[in-house]
Amino acid sequence: MKILIVEDEPKTAGYLQRGLGEQGCIVDLACNGIDGQHLALAHDYDVVVLDVMLPGIDGFSVLRTLRARKQTPVIMLTARDQVEDRVKGLHDGADDYLVKPFSFLELLARLQALARRGRPQEPALLKIADLQIDLMARKVLRGNARINLTAKEFALLVVLARRQGEILSKTAIAELVWDMNFDSNTNVVEVAIKRLRDKIDAPFSPKLLHTIRGMGYVLEPREKDAT
Ligand code: CA
């Protein structure tokens, strides 16, 4: 999931950025309405988390400007005593709201629900041969064996699984999983692919994660590597 957080309070912003990063999300942070609006319009996020009270432009104005151009799901953060804000936010096109202080797990559940709504055709379970990826529970099985992945390994596997049978370049993977745009950083991809392969493929057959020399990687069932 790629998420934009627009929040001016450094403590809340830092906490959300860290927590969502640990869940394998790519997180951009804006600490005022002007930067938040710019980022929300310039990039395609799965969800925008938008505080109401912001310096520069307030959250409602950001929401209205965004809604004039895009349907990115938005969850608004409001203070406890601002009940009218919630009504106004929903009226202006917010998809959901949370009242501060909120629990991180509740925010996470709402974000996942909104991101899923943005991709209605996607099943909650991705399958390649006997590999199963449960996107909600974030569980991976190969046959009956549970495979434990780090957050980044899981994100990498999901990116490949959503495009199974398609060759993905290192640059594309770096951008989709790490939000990096530089070819020089693709060594990170090689290292992560090796770790992922050791976990999902090494003890199993058929092999699923293949290197296509000079092109990238593909996830599909084959008896052995073609290269
Ligand atoms: Ca605020």
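Donors to a metal are the N, O and S atoms within 2.8 Å of it, or within 3.2 Å for Na, K and Ca; water is not among the atoms, so a site may look incomplete. With that in mind, here are some close-up views of this predicted model.

**Figure 1. The whole protein, before we zoom in, has eight helices and eleven strands.** Along the principal axes, the C-alpha atoms fill a box of roughly 60 × 35 × 30 Å. The protein has 227 residues, and 46% of them are buried. Of the contacts with a separation of 6 or more, 53% are between residues 24 or more positions apart.

**Figure 2. Three residues coordinate the calcium ion: D8, D51 and M53.** The two aspartates, D8 and D51, each offer OD, while M53 offers O, at 2.1 to 2.3 Å. Read along the sequence, the donor residues follow the spacing D-x42-D-x1-M. D8 sits in the loop between strand 1 (2-6) and helix 1 (10-22), and M53 in the loop between strand 3 (47-51) and helix 3 (59-69), so this pair ties together parts that are 45 residues apart in sequence. Are these two loop residues buried or exposed? D8 is partly exposed, at 32% relative accessibility. M53, with a relative accessible area of 55%, is exposed because the cut-off for that class is over 50%.

**Figure 3. Helix 2 packs against helix 3.** Two packed helices are described by the angle between their axes and the distance between the axes. Here the axes of helix 2 (residues 33-42) and helix 3 come within 10 Å and cross at roughly 15°. Angles under 35 degrees count as roughly parallel, and helix 2 and helix 3 are therefore roughly parallel to each other. The crossing of helix 2 with helix 3 is right-handed. Which residues make the contact? Helix 2 brings G33, Q37, A40 and L41, and helix 3 brings S61, V62, T65, L66 and R69. Sorted by class, the contact of helix 2 with helix 3 has four nonpolar, four polar and one charged residues.

**Figure 4. Helix 6 packs against helix 7 at an angle of about 125°.** The axes of helix 6 (residues 151-162) and helix 7 (residues 170-178) are 10 Å apart. That angle makes helix 6 oblique to helix 7. The crossing of this pair, helix 6 and helix 7, is right-handed. On the helix 6 side, look for K152, A155, L156, V159 and L160; on the helix 7 side, they meet I173, L176, V177 and W178. The residues of this contact divide into eight nonpolar, no polar and one charged.

**Figure 5. R163 lies in the loop between helix 6 and helix 7.** This residue, R163, is partly exposed, with a relative accessible area of 24%. What does R163 touch, leaving aside residues up to four places away in sequence? Its partners are L168 and L176, and L176 also takes part in the contact of helix 7 with helix 6. D198 is a useful landmark for this view: R163 and D198 are 35 residues apart along the chain, and their C-alpha atoms are separated by 20 Å.

**Figure 6. Two cis peptide bonds can be found before P101 and P206.** Most residues other than glycine have a negative phi, and most peptide bonds are trans. The bond from K100 to P101 is cis, with omega near -5°. P101 belongs to the loop between strand 5 (96-99) and helix 5 (104-118). S205 and P206 are also joined by a cis peptide bond, where omega is about 0°. P206 belongs to the loop between helix 8 (186-200) and strand 10 (207-212).

**Figure 7. A129 and R138 have a positive phi, and neither is a glycine.** For A129, phi is about 50°. Where is A129 found? It is in the loop between strand 6 (125-128) and strand 7 (131-134). At 47% relative accessibility, A129 counts as partly exposed. For R138, phi is near 55°. R138 is in the loop between strand 7 and strand 8 (139-142). R138 is also partly exposed, with a relative accessible area of 27%.

Note on methods:
Residues are numbered from 1 along each chain as its sequence is written. This is a predicted model: local features need pLDDT of at least 70, side-chain atom pairs count only at pLDDT 80 or more; totals for chains, interfaces and linings use all residues. Side-chain values use heavy atoms; hydrogens and water are left out. Axes are lines fitted to C-alpha atoms, for helices over the stretch in contact, and angles run from 0 to 180 degrees between N-to-C directions. Helices (H or I, at least four residues) and strands (E, at least two) are DSSP runs, numbered from the N terminus. Angles under 35 degrees count as roughly parallel, over 145 as roughly antiparallel, 65 to 115 as roughly perpendicular and the rest as oblique. A crossing is left-handed if the near helix is turned anticlockwise from the far one by less than a right angle, and right-handed if clockwise. Contact means heavy atoms within 4.5 Å. Ala, Val, Leu, Ile, Met, Phe, Trp, Tyr, Cys and Pro count as nonpolar, Asp, Glu, Lys and Arg as charged, and the others, Gly among them, as polar. Buried means under 20% relative accessible area, exposed over 50%, partly exposed in between (1.4 Å probe, protein chains only).
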